[in-house]
Amino acid sequence: MVNAQQLEVYLEQIGQVRQEIGKVMVGQRDVIEQMMWAVFSGGHVLLEGVPGLGKTLLVKTLAEAFELTFQRIQFTPDLMPTDITGTSILQVDEAGRQHFQFQPGPVFAHVVLADEINRATPKTQSALLEAMQEGTVSAGGATRPLPRPFFVLATQNPLEQEGTYPLPEAQLDRFLLKIDVPFPTEEELREIVLRTTGVFANSVEKVADGSQIESIQRWTREILVAEEVLSYAVRLLLATHPKEGAVESVQKYVKAGAGPRGVQAIIAAGKVRAFMAGRFNLAYEDIDAAALPALRHRIFLNFEGEALGIHPDQIIREVLASLERPA
């Protein structure tokens, strides 16, 4: 278990990462915090927000602050799976002999930005499934490991749905968190305009590397979880299922509740939140904070819920309000 001295060093580094990202990003503190929950728990992130909110810039800046290799893939309808994973190319050696040599695709990086992931066909989207779940790529008759640590950070636009292919439930479930990127406030918009139309230029300094991220990942797994807190998280997950005794909004608007990965995501993200707060144990407040990003993409609405424009966040908040905590 990490000791108090090591914890202080890690928290100082995390604070420096926040500062470096803040040099480039305006506002979006909650988004940055939740991104780091995913990074330090080894999960993938789905970022959703209208164009121009700095989603791509945020991911790139995060990779720079952690000194990680970065690749951006622009998803389009004509993108092929091999454009992501790589392909075997015919090569001729000095003796004139021909052989196939594997040319790695952009997925072979620490941080992979899948920009507008819902614009590619399901066949191409599924090319990321093995990489996200196993950390490997199978191509050309061989299975190749991806760099460690490895993160997929995907973006999608919630407004423009023409010519898009919604991610299937199985692939949505592979993302540890779904983070909604809010529209900036008036003051933040003023600052964004000043930074992007003036001579502002601020380079991002390297604060940590991949080995330090993996070290923090190991330590966060050792955060203690009391039986009552774990029971609370499990009851939260079960309460998202439409069944007898569920809250009214769940019974009326939910077609299917979150699966087991939902509670795994809540605990994983909650442990990182506790660690970043300087605590060695998971608290109820960590569960509540992690519930929205961990569950909003795992709750599927029925026709009535979609027709009325019900947002999963509304349902999750009602479920949280209905749960009782042990004294």
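Tyr284 has a relative accessible area of 18% and is therefore buried; the term buried applies under 20% relative accessible area, exposed over 50%, and partly exposed in between, with a 1.4 Å probe and protein chains only. The model is predicted, so local features need pLDDT of at least 70 and side-chain atom pairs count only at pLDDT 80 or more, while totals for chains, interfaces and linings use all residues. Residues are numbered from 1 along each chain as its sequence is written, and side-chain values use heavy atoms, with hydrogens and water left out.

**Aromatic pairs**

Three aromatic pairs are found in a search of the whole structure. Rings of Phe, Tyr and Trp (its six-membered ring) pair if their centres lie within 6.5 Å; planes under 30 degrees apart count as stacked, over 60 as edge-to-face and the rest as tilted. One of the pairs is Tyr10 with Phe275, which is tilted because the ring planes stand at 45°, with the centres 6.1 Å apart. Tyr10 belongs to helix α1 (residues 4–24) and Phe275 to helix α12 (residues 260–276), so this pair ties together parts that are 265 residues apart in sequence. Tyr10 and Phe275 are both buried.

Tyr284 takes part in another pair, with Tyr232: the geometry is edge-to-face, at 5.2 Å centre to centre and 85° between the planes. This pair links distant parts of the chain, since Tyr232 is in helix α10 and Tyr284 in helix α13 (residues 284–295), 52 residues apart. Tyr232 is buried, because its relative accessibility is 1%.

Helix α10 (residues 227–238) also holds Val234. With 36% relative accessibility, Val234 counts as partly exposed. Together with Val225, Leu230 and Leu238, Val234 makes a nonpolar surface patch of about 260 Å². Patches are made of residues with over 30% relative accessible area and no salt bridge; like charges are joined within 9 Å, and nonpolar side chains (Val, Leu, Ile, Met, Phe, Trp, Tyr) within 5 Å.

**Salt bridges**

The structure holds twelve salt bridges, each defined as a side-chain nitrogen of Lys or Arg within 4 Å of a carboxyl oxygen of Asp or Glu. Among them are the following.

| Salt bridge | N to O distance |
|---|---|
| Glu116 and Arg119 | 3.3 Å |
| Arg273 and Glu285 | 3.7 Å |
| Asp286 and Arg273 | 2.7 Å |

Arg273 in helix α12 and Asp286 in helix α13 are 13 residues apart, and their salt bridge links distant parts of the chain. Salt bridges that share partners join Arg273, Arg279, Glu285 and Asp286 into one network. Within this network, Asp286 is buried, with a relative accessible area of 0%. Arg273 is partly exposed at 25% relative accessibility, and Glu285 is partly exposed at 46%. In the bridge with Glu116, Arg119 is buried, with a relative accessible area of 16%.

**Backbone geometry**

Most residues other than glycine have a negative phi, and most peptide bonds are trans. Glu116 is not a glycine, yet has a positive phi of about 55°. Glu116 lies in the loop between β5 (111–115) and α5 (122–125) and is partly exposed, at 25% relative accessibility. Glu67 likewise has a positive phi of about 55° although it is not a glycine. The place of Glu67 is the loop between α3 (55–65) and β2 (70–74), and its relative accessibility of 48% makes Glu67 partly exposed.

The peptide bond from Arg148 to Pro149 is cis, with omega near -5°. Pro149 is in the loop between β7 (142–145) and β8 (151–156).

**The chain as a whole**

The chain has 15 helices and eleven strands; helices (H or I, at least four residues) and strands (E, at least two) are DSSP runs, numbered from the N terminus. Its radius of gyration is 21 Å, close to the 20 Å that the globule rule gives for 327 residues, so the chain is as compact as a globular protein of that length. The radius is taken over C-alpha atoms, and the globule rule is 2.2 Å times the number of residues to the power 0.38. Along the principal axes, the C-alpha atoms fill a box of roughly 75 × 50 × 45 Å.

Of the 327 residues, 48% count as buried. The accessible surface of the chain comes to about 16200 Å², of which 52% belongs to carbon and sulfur atoms; accessible areas come from the Shrake-Rupley method with a 1.4 Å probe, and for residues only the protein chains shown count as cover. Among contacts (heavy atoms within 4.5 Å) between residues at least 6 apart in sequence, 76% join residues at least 24 apart.
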